[in-house]
Structure formats: structure tokens, C-alpha cells
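This briefing walks through one structure in three steps: the surroundings of a ligand, a loop residue, and the pairing of aromatic rings. Please keep the sequence and the structure open beside the text while reading.

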Amino acid sequence: MSFEITIDSIGQSVPVREGQTVLDACLRAGIWLPHACCHGLCATCKVQVLEGECDHGEASPFALMEFERDEGKILACCATAQSDLMIEADVEEDPDALYLPLDDFLGEVVEARMLTPTVRGLWLRPDHALQFQAGQYLMLQVPGVEGARAFSIASAPGEALIELHVRKVEGGAATTWLHEQLKVGDRLAFSGPYGRFFVRKSGTKQAILVAGGSGLSSPKSMLLDLLAEGADYPITLLQGARNGQELYFAELFEQLAEKHANFHYVPVLSAEAEGSGWTGARGFVHEEMKRRFDNDFRGAKAYLCGPPPMIEAAIATLMQGRLFERDIYTEKFFTAADAAAPARRSPLFKAI
Ligand SMILES: Cc1cc2nc3c(=O)[nH]c(=O)nc-3n(C[C@H](O)[C@H](O)[C@H](O)COP(=O)(O)OP(=O)(O)OC[C@H]3O[C@@H](n4cnc5c(N)ncnc54)[C@H](O)[C@@H]3O)c2cc1C
Ligand code: FES
């Protein structure tokens, strides 16, 4: 059975299949509804149903409260139509967005290797070219695991292979399989591109990329993309890791910093043993960022990617250093763990 979704503000209708989410139907039709986690956790995709019935699916009770459900609000990434729908939604308009329609792919694993003791790098050859903007992510299907999992793309747009960095989560169904079972030659289904965490090129005078944990993927893709396009303004990558073993691609970034005078690479270790010989920065990445920029971030665009607590701390630092919300872009690696807790969101910051 299929229904129709009409987006009131633009007067456009799209078909939706049984079981297909409202967001999926819109993105495939090239209608770019705001979204971020695609897992019912962040509330970015909240829209108002004006007419029709929906099933809320896996929407977290914290991201979509009971009274909001009573008011007819839904999370488009989880809700499925039970009838024709009329929705009121802010369709994204961003001068830097390409609004690339969502598509399905099959990727052959051509390389898989450990990048750190907890992060496995995967390189997939897609059956047809995936067009995306640096910073976006895909949703990967893992055999035997219900639902898809989000992974940010670490390769730059235009590269033949798609690179992913997968951190193994204790007891995590998908990440354990990707670490322990996946082998070269396997084929994995995925869809993409997703997300509005992509590099803004217009009007940028300075870019600050902040990566924590396996959150290096998007910043790496953005950096390679900007350097390949000849961006000539200052670009700083701050990479936070617990210790030297968890720091990956450091050599690549050091080489790039030698080659490009406008690129600065700042690795920061939070739990490196004293006396290890590490001569770089120690502590948390937001603290080092504050020191390096003398607590003045005016004129920059900042991209933050990684675990929610790191992002919260970096947002607070940037805003104290006079960077406005409109110039801060974030990608939080929400997980099933976040469904059980109210979203940890800076009271200073509206968007995620
Ligand atoms: C937009 C986006 C982009 C992402 N990009 C990446 C990426 O590039 N690389 C990457 O490694 N991950 C990334 N993630 C996170 C990744 O999707 C999750 O780690 C993954 O969904 C966990 O799946 P799983 O099946 O292994 O765990 P599940 O089986 O879903 O969870 C198992 C258990 O572990 C808990 N859990 C799950 N994840 C975590 C965690 N990270 N920390 C602590 N506890 C957890 C759950 O609450 C549950 O109890 C991204 C997430 C989002 C939303
Ligand atoms: S995108 Fe729907 S809740 Fe995050």
C-alpha cells in the first residue's frame, strides 16, 4: 500500500510506501527536510502533521514528548504514514547545500584494517558513484542486524572508494560484526548521502575542524576536499584522542601541514601516560582550541564531530570566544545509549 505526503509550505507531494519513513520518502524525492541522527534521538527532523495518521516508530520519548505527540508532531526519520499526510515542515535552504537525492548502493569491501586498537578502517567500492558533500554520512546495513547504522564518510567526494572508520562499541551488534566478521570481498548495502553537516565554502575566512574519537571521518573528508579545491584561508584541524595509540592518520595530516602553509594540525591527547615521550598538546581538545585561538574565534566557521560531551564542551568554548551559533556546525555520534537519556544539549545552542 502506498500513500502521499504533501508538504504544505511548498505545495509538493511525494509518494510514500508502507513502512517507509516520512524522511526517507522526502529525501528520495529531493525534498531536503532537516535531519541529523536518523535514529529518533536528536529531534532535528520534528515536523507538524496537519492532516492524516502516522505511526511514531522508534521516536525517543525525550526527543518527541508525549504532549508533542498529542499536538500532532512527529519525527520524520521514524514516523511512517498510515494514511495520506499533509505536513508543515521547514524545507532546508542553504546556499552551500547541493541537495543530492538519497540513493541505495551495494559496496564491495576492498580493504579493511585496524587504524587504532578500537577503530577499523573500511574501504568500499560502490556499485555506482555515490555523490555526497564532504562531511555527510551513510546508513549501513549489517547482516543479521535490524535497522541501519550511521557512519560518516572519511574519503573526499570524487574518490573511487568510500572510506569509513568504525569504532567498536562494547556489546554493539553492528560494530562488533564489522570488526570481527567482515572480510575483504564482502558486499554491504547502504544508502546515502545523509545529513547537513557538510562543509560550507561560501564566505569562509577561516575553518576550524574539531574531531574526537572516531569523529575524524567527516573532518578528514572536509579537509581533503578544501585542500583539493585550493582553499587559501587558514584551516586548523584539532584531533582529540585518549592516547598516542588512538591517534590515527597523524602522519597524513603532518604531511599535509608541511605541504599547505594555511593548514595547521593540532593533535591533543587526554590520557597519554606521563613520560611517554609525547611532546604535543595534552588535555581536552576544547581547552587546547581556546589556548591556540586566544579565546577569540570571530570570523571562523567551526565543524565539530564526535561524541556528544566533546561537542557540548567545544560549543561552549566557541561561544564564549564570540563565535555565533550560525557559524558552528556539529555532528553528534548519537547511539542507542542516547535514547535512554534526555538529549544532552547545550542550553546556549538551538541546533544540534
Ligand atoms: C550521524 C552519525 C554518524 C556516525 N558516524 C560514525 C562513524 O563514522 N564511526 C563510528 O564508529 N560511529 C559512528 N556513529 C555511531 C554509530 O552509528 C554507532 O556507534 C553505532 O550505531 C553503534 O551500533 P551497534 O549496532 O554496534 O551498537 P548497538 O547494538 O546499537 O548498541 C549496543 C549497546 O551499546 C550502546 N552503545 C551504542 N553505541 C555506543 C557508543 N558509541 N558509546 C557507548 N555506548 C554505545 C547501546 O546503548 C547499547 O546498549 C555515527 C552516528 C551518527 C548518528
Ligand atoms: S534526524 Fe530524526 S530525530 Fe534525529
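In this predicted model, an oxygen atom of ligand 1 lies 3.3 Å from an N or O atom in the side chain of serine 217. Taken alone, ligand 1 exposes 930 Å², and the protein buries 78% of that area. The points below begin with the shell around the ligand and then turn to other places in the structure.

**Around ligand 1**

- The shell around ligand 1 holds 26 residues, and the closest of these are Arg149, His165, Arg167, Ala174 and Thr175.
- When these residues are sorted by character, the shell around ligand 1 divides into 13 nonpolar, eight polar and five charged residues.
- Backbone atoms also meet the ligand: a polar backbone atom of alanine 150 is 2.8 Å from an oxygen atom of ligand 1, and a backbone N or O atom of alanine 173 lies 2.9 Å from an oxygen atom of ligand 1.
- The elements that give two or more residues to the shell are β11 (148-152), β12 (162-167), α3 (173-180), β19 (328-332) and α8 (336-339), and the largest share, four residues, comes from β11.

**Glycine 52 in its loop**

- Glycine 52 sits in the loop that runs between β3 (46-51) and β4 (54-55).
- Is glycine 52 buried or partly exposed? With a relative accessible area of 36%, glycine 52 is partly exposed, because the class of partly exposed residues lies between the limits of 20% and 50%.
- Leaving aside neighbours within four places in sequence, glycine 52 is in contact with Ser83, Asp84 and Leu85; for aspartate 84, the C-alpha atoms are 5.7 Å apart in space, although the two residues are 32 residues apart in sequence.

**Aromatic pairs**

- A search of the whole structure finds seven aromatic pairs, and one of them is the stacked pair of phenylalanine 105 and phenylalanine 190, with 5.3 Å from centre to centre and 10° between the planes.
- Phenylalanine 105 belongs to strand β8 (residues 103-114) and phenylalanine 190 to strand β13 (residues 187-194), so their pair ties together parts that are 85 residues apart in sequence.
- Phenylalanine 105 counts as buried because its relative accessibility is 5%, and phenylalanine 190 counts as buried at 2%.
- The rings of tyrosine 248 and phenylalanine 249 form a tilted pair, because their planes stand at 45°, with the centres 6.0 Å apart; both tyrosine 248 and phenylalanine 249 are buried.
- Elsewhere, ring pairs link Phe197, Tyr303 and Tyr329 into a cluster.

How values were computed. Residues are numbered from 1 along each chain as its sequence is written. Chains are lettered from A and ligands numbered from 1 in the order in which they are written. This is a predicted model: local features need pLDDT of at least 70, side-chain atom pairs count only at pLDDT 80 or more; totals for chains, interfaces and linings use all residues. Side-chain values use heavy atoms; hydrogens and water are left out. A residue is near a molecule or strand if one of its heavy atoms lies within 4 Å of it. A polar contact is a pair of N or O atoms within 3.5 Å; within protein, one must be able to donate a hydrogen and the other to accept it, and residues adjacent in sequence count only if both atoms are side-chain atoms. Accessible areas come from the Shrake-Rupley method with a 1.4 Å probe; for residues, only the protein chains shown count as cover. Ala, Val, Leu, Ile, Met, Phe, Trp, Tyr, Cys and Pro count as nonpolar, Asp, Glu, Lys and Arg as charged, and the others, Gly among them, as polar. Buried means under 20% relative accessible area, exposed over 50%, partly exposed in between (1.4 Å probe, protein chains only). Contact means heavy atoms within 4.5 Å. Rings of Phe, Tyr and Trp (its six-membered ring) pair if their centres lie within 6.5 Å; planes under 30 degrees apart count as stacked, over 60 as edge-to-face and the rest as tilted.
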